Each structure stands twice: as C-alpha cells, then as structure tokens.
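Let's take a walk through this model together, with the structure open beside the text. We will begin at a pocket and then follow the helices that pack against one another.

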Amino acid sequence: VRKQLIYRLLFITVLLLAVYGNTLNHGFVWDDHDVIVGNTQLEKLSNIPSLFLSEDRIESATGNYRPLTYISFAIDRAIWGVNPVGFNITNLLLHILAALLFYRVVAALFNNENLALAAALIFSLHPVAGETVNFHSGGRNTLLCACFVLLSLLFYTKDKRIAAAACFAGAIFSKEFGLLLPALLF
C-alpha cells in the first residue's frame with residue numbers, strides 16, 4: 001500500500017513536470033516587474049520583518065495583506081537575483097506540492113486512493129492552473145494559500161488542531177482567500 005502511494009505521488013510529480021516544465025524559461029510578465037523586479041523591499045532578507053508591516057503593492061498599495069507571499073519573493077531574490085527561472089522553479093514546485101497535498105486530503109476525506117488520484121490530476125492539470133504557475137505576482141499568493149489551506153485540512157483530518165491553526169494562519173498571510181477555510185470545515 002505504501003509503495004502504491006509513492007508510485008501515485010511520483011506519477012503526479014512527473015506528469016506535472018512534463019506538462020509545466022516548459023514554463024521554466026518564461027520571463028516576468030505584467031505586474032511581476034513592479035511587484036518583484038522593481039520592489040526594493042525584496043532586495044535584502046533583512047527587510048523581511050518590514051514585510052509584515054506592509055500591504056500588497058502594484059504601483060501603489062492595494063489594500064491586500066500578503067506578507068508570506070512577499071517573503072517567498074525575497075527568498076527567491078536572495079537565491080536567484082531577478083532571474084525569472086528561479087521564480088518559475090519555485091512556482092512549479094509549489095504547484096506540485098499543492099497537487100500532492102490535494103491528493104492526500106481527498107484520500108483522507110474519502111478513503112479512496114483512485115478518487116484521490118483522479119481528483120488531484122483534474123485539480124493540477126486543469127487549464128486554469130496555468131496562470132498560477134506562470135504568473136509570479138498573481139499566482140504565487142494563490143499557490144502558497146492553496147498549500148497552507150490543504151495542509152490545514154490534512155492536519156485537521158488527523159486531529160492535529162494546533163498544526164491546522166498554524167497552517168490556517170499561513171494561508172491568511174499568503175492570500176485573503178485563506179479566510180474561507182472555516183467555511184470549508186463547516
């Protein structure tokens with residue numbers, strides 16, 4: 001059973017690498033230039049604490065609060081500079097992680113590995129997922145939020161309430177949609 005799980009997770013991973021691997025050579029688009037390339041707050045990791053005191057910005061403040069998204073951009077900038085390849089790698093890895101977490105959540109909720117595999121493939125290969133993988137400033141927040149929401153759900157199904165609450169906070173600090181998690185649990 002454990003071996004089958006590993007094969008299924010590897011299948012999802014390899015399939016997503018094959019489908020989205022061509023995104024690795026894409027450049028920055030749209031708001032990426034203002035949010036990532038031109039954002040002086042992302043130039044040094046020592047600026048991370050200030051990201052918790054800032055709102056989302058695209059040319060000017062948006063009213064959104066997404067510090068974990070900006071922290072992920074700062075880490076990418078520290079590793080890759082403003083080379084979009086590194087940001088593409090991060091988005092692809094986050095998308096794969098979200099797909100694997102989705103699989104685990106569906107399997108935990110419905111106790112059906114075949115359903116979990118089909119659902120994870122639909123979730124991760126649906127054309128709407130392309131934007132989250134390709135668009136850094138508009139997709140990274142969604143990917144991070146999805147990963148934290150799915151982790152929270154997974155911890156909740158395992159009756160690990162503190163870990164679920166911590167992941168819920170991570171989801172909220174990634175994107176406002178994380179606030180919908182209590183409705184999902186209800």
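The largest pocket in this predicted model has a volume of about 470 Å³. To find its centre, look for Phe123, Thr142, Cys145, Ala146 and Leu150, which lie nearest to that point among the 22 lining residues. Four elements each give two or more residues to the lining: helix H5 (84-110), helix H7 (129-134), helix H8 (136-157) and helix H10 (181-185). Which of them gives the largest share of the lining? That is H8, with nine residues. As for chemical character, the lining of the largest pocket divides into 15 nonpolar, five polar and two charged residues.

Helix H5, which you have just met as part of the pocket lining, also packs against helix H1. The axes of H1 and H5 come within 10 Å and cross at roughly 145°, and the crossing is right-handed. On the H1 side, the contact is made by Leu5, Arg8, Leu9, Ile12, Thr13, Leu16, Leu17 and Tyr20. Facing them from H5 are Leu92, His95, Ile96, Ala99, Leu100, Tyr103 and Arg104. Sorted by class, this contact of H1 with H5 has eleven nonpolar, two polar and two charged residues.

Thr13 is a handy residue for seeing this contact up close. It is found in helix H1, and once its neighbours within four places in sequence are left aside, Thr13 is in contact with Ile96 and Leu100. Both of those partners are among the H5 residues that make the contact with H1. How many residues apart along the chain are Thr13 and Ala99? They are 86 residues apart, while their C-alpha atoms are separated by 8.3 Å.

H1 has a second helix partner to look at. The axes of H1 (residues 2-20) and helix H6 (residues 113-125) come within 11 Å and cross at roughly 15°. Because of that angle, H1 is roughly parallel to H6. H1 passes H6 in a right-handed crossing. From H1, the residues making the contact are Leu5, Arg8, Phe11, Ile12, Leu15, Leu16, Val19 and Tyr20. H6 supplies Glu113, Asn114, Leu117, Ala120, Leu121, Ser124 and Leu125. By class, the contact of H1 with H6 has eleven nonpolar, two polar and two charged residues. If you compare the two lists, you will find Leu5, Arg8, Ile12, Leu16 and Tyr20 of H1 in the contact with H5 and also in the contact with H6.

Finally, turn to another stretch of H5, where helix H4 (residues 67-80) comes in. The axes of H4 and H5 come within 9 Å and cross at roughly 135°, so the two helices are oblique to each other. This crossing, too, is right-handed. Here Phe73, Asp76, Arg77 and Trp80 in H4 meet Gly86, Phe87, Ile89 and Thr90 in H5. The residues of this contact of H4 with H5 divide into four nonpolar, two polar and two charged.

How values were computed:
Residues are numbered from 1 along each chain as its sequence is written. This is a predicted model: local features need pLDDT of at least 70, side-chain atom pairs count only at pLDDT 80 or more; totals for chains, interfaces and linings use all residues. Side-chain values use heavy atoms; hydrogens and water are left out. Axes are lines fitted to C-alpha atoms, for helices over the stretch in contact, and angles run from 0 to 180 degrees between N-to-C directions. Angles under 35 degrees count as roughly parallel, over 145 as roughly antiparallel, 65 to 115 as roughly perpendicular and the rest as oblique. A crossing is left-handed if the near helix is turned anticlockwise from the far one by less than a right angle, and right-handed if clockwise. Contact means heavy atoms within 4.5 Å. Ala, Val, Leu, Ile, Met, Phe, Trp, Tyr, Cys and Pro count as nonpolar, Asp, Glu, Lys and Arg as charged, and the others, Gly among them, as polar. On a 1 Å grid over the protein atoms alone, a cavity is a set of points where a 1.4 Å probe fits but cannot get out, and a pocket is an open set with protein on both sides within 12 Å along at least five of seven lines; lining residues have an atom within 4 Å of a point. Grid points are joined across faces, edges and corners, and a volume is the space filled by probe spheres set on the points.
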